[in-house]
Amino acid sequence: MSREVHTLAPDEFLDEVHSFEFWFHSIQGYLADAEYGHRPGTPESELPPDRRERLITVLCNYCIGETAALDGASGLIGFAPNRQAKIFLATQVVDEARHLEVLIHRLAELGVKDPEAEIQRRATRSLQAFRRRLLELVAGKDWEAGIFAQNVILEAMEFAAFQTHARNADPITRELLEGIIKDERRHMGFGENDLGRRLSATPHVRARLQQIKRELDPLVLETFEEMLAELDVPREERPELGRNYLETVERLGFTS
Ligand SMILES: [Fe+2]
Ligand SMILES: [Fe+2]
């Protein structure tokens with residue numbers, strides 16, 4: 001069923017896109033025939049040992065990001081300002097858990113015997129610090145700060161990293177990331193929409209969020225540096241990663 005969301009009145013639009021109905025029809029397009037995030041027939045590539053090792057390190061760090069998103073989104077439900085937001089976040093929790101599941105499954109496909117131990121061992125300091133700060137903001141029940149750190153900053157960071165990585169990945173990892181990117185785009189849309197309305201109603205919130213951005217940006221950019229060292233991204237594409245992230249966040253009017 002196709003959904004003509006643009007023909008709906010603003011309130012109906014919010015009901016629609018924040019619904020499991022909308023979510024279900026969205027994911028059917030790219031997950032209906034997938035198993036663990038990719039088509040069953042996609043061939044596995046023979047990765048050289050060094051490239052496989054580096055891919056495992058990157059995927060372990062994605063697992064840290066996805067677990068942070070899972071914990072962050074589920075925590076935000078408890079103090080979300082309205083029922084539509086709670087329902088949307090419930091769809092996001094399902095998405096983030098799926099992302100984590102397919103990434104852990106990919107680690108197993110790559111021969112990792114104990115994913116939990118590898119994730120702990122390979123996690124970068126900057127991403128761990130980001131995760132801690134995000135969960136502090138959520139634990140403080142600060143809606144604007146939590147949704148900003150989670151659905152704008154973290155989502156924009158993942159979106160930029162996964163896009164750059166997908167272009168240079170083996171076929172299975174690429175398909176898996178492309179499916180995840182589609183979900184992350186929905187999550188960013190929610191953050192932009194919610195904060196966009198809030199910022200126009202209460203402009204003073206912007207200064208507080210700007211402060212959080214100043215605090216988190218260095219951790220995001222450091223994480224990118226660490227991931228780029230492990231990915232086979234051509235030198236000329238490298239600066240694009242940080243730029244994509246900053247541009248995404250700037251669309252909401254947050255500059256450096
Ligand atoms: Fe995710
Ligand atoms: Fe997400």
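Among contacts in the protein chain between residues at least 6 apart in sequence, what share joins residues at least 24 apart? The figure is 82%, where a contact means heavy atoms within 4.5 Å. What you're looking at is a predicted model, in which local features need pLDDT of at least 70, side-chain atom pairs count only at pLDDT 80 or more, and totals for chains, interfaces and linings use all residues. Residues are numbered from 1 along each chain as its sequence is written, chains are lettered from A and ligands numbered from 1 in the order in which they are written, and side-chain values use heavy atoms, with hydrogens and water left out.

**Overall build**

- The protein chain has 10 helices and zero strands; helices (H or I, at least four residues) and strands (E, at least two) are DSSP runs, numbered from the N terminus.
- For 256 residues, a compact globule would have a radius of gyration near 18 Å, and the protein chain agrees because its own value is 18 Å. That radius is taken over C-alpha atoms, and the globule rule is 2.2 Å times the number of residues to the power 0.38.
- Along the principal axes, the C-alpha atoms of the protein chain fill a box of roughly 55 × 45 × 35 Å.

**Surface and charge**

- Of the 256 residues, 52% count as buried, meaning under 20% relative accessible area, while exposed is over 50% and partly exposed is in between (1.4 Å probe, protein chains only).
- About 11,800 Å² of the protein chain is exposed, and carbon and sulfur atoms supply 54% of that; such areas come from the Shrake-Rupley method with a 1.4 Å probe, and for residues only the protein chains shown count as cover.
- There are 32 positive and 45 negative side chains, with the centres of the two sets 3 Å apart. Here Lys and Arg count as positive and Asp and Glu as negative, leaving out His and the chain ends, and each charge is placed at NZ of Lys, CZ of Arg, CG of Asp or CD of Glu.

**The two iron ions**

- The iron ion (ligand 1) gets its protein donors from Glu66 (OE, listed twice), Glu96 (OE), His99 (ND1) and Glu184 (OE), at 2.0 to 2.7 Å. Donors are N, O and S atoms within 2.8 Å of the metal (3.2 Å for Na, K and Ca), and sites may look incomplete because water is not among the atoms.
- Along the chain, those donors follow the spacing E-x29-E-x2-H-x84-E. Distant parts of the chain are linked this way: Glu66 sits in helix H3 (residues 49–77) and Glu184 in helix H8 (residues 171–201), 118 residues apart.
- Glu66 and Glu184 are both buried.
- The iron ion (ligand 2) is coordinated by Glu96 (OE), Glu155 (OE, listed twice), Glu184 (OE) and His187 (ND1), at 2.0 to 2.5 Å. The sequence spacing of these donor residues is E-x58-E-x28-E-x2-H.
- Glu96 bridges the iron ion (ligand 1) and the iron ion (ligand 2), which lie 3.3 Å apart.
- Glu184 and His187 are separated by about one helical turn because they are three residues apart in helix H8. Both are buried.

**Two more residues to find**

- Asp194 is in helix H8 too, and it's buried, with a relative accessible area of 4%. Leaving aside residues up to four places away in sequence, Asp194 touches Trp143 and Ile147.
- Ser19 lies in the loop between helix H1 (10–17) and helix H2 (20–31). Ser19 is buried, with a relative accessible area of 14%, and it touches Ile87 and Thr91, again not counting residues up to four places away in sequence.
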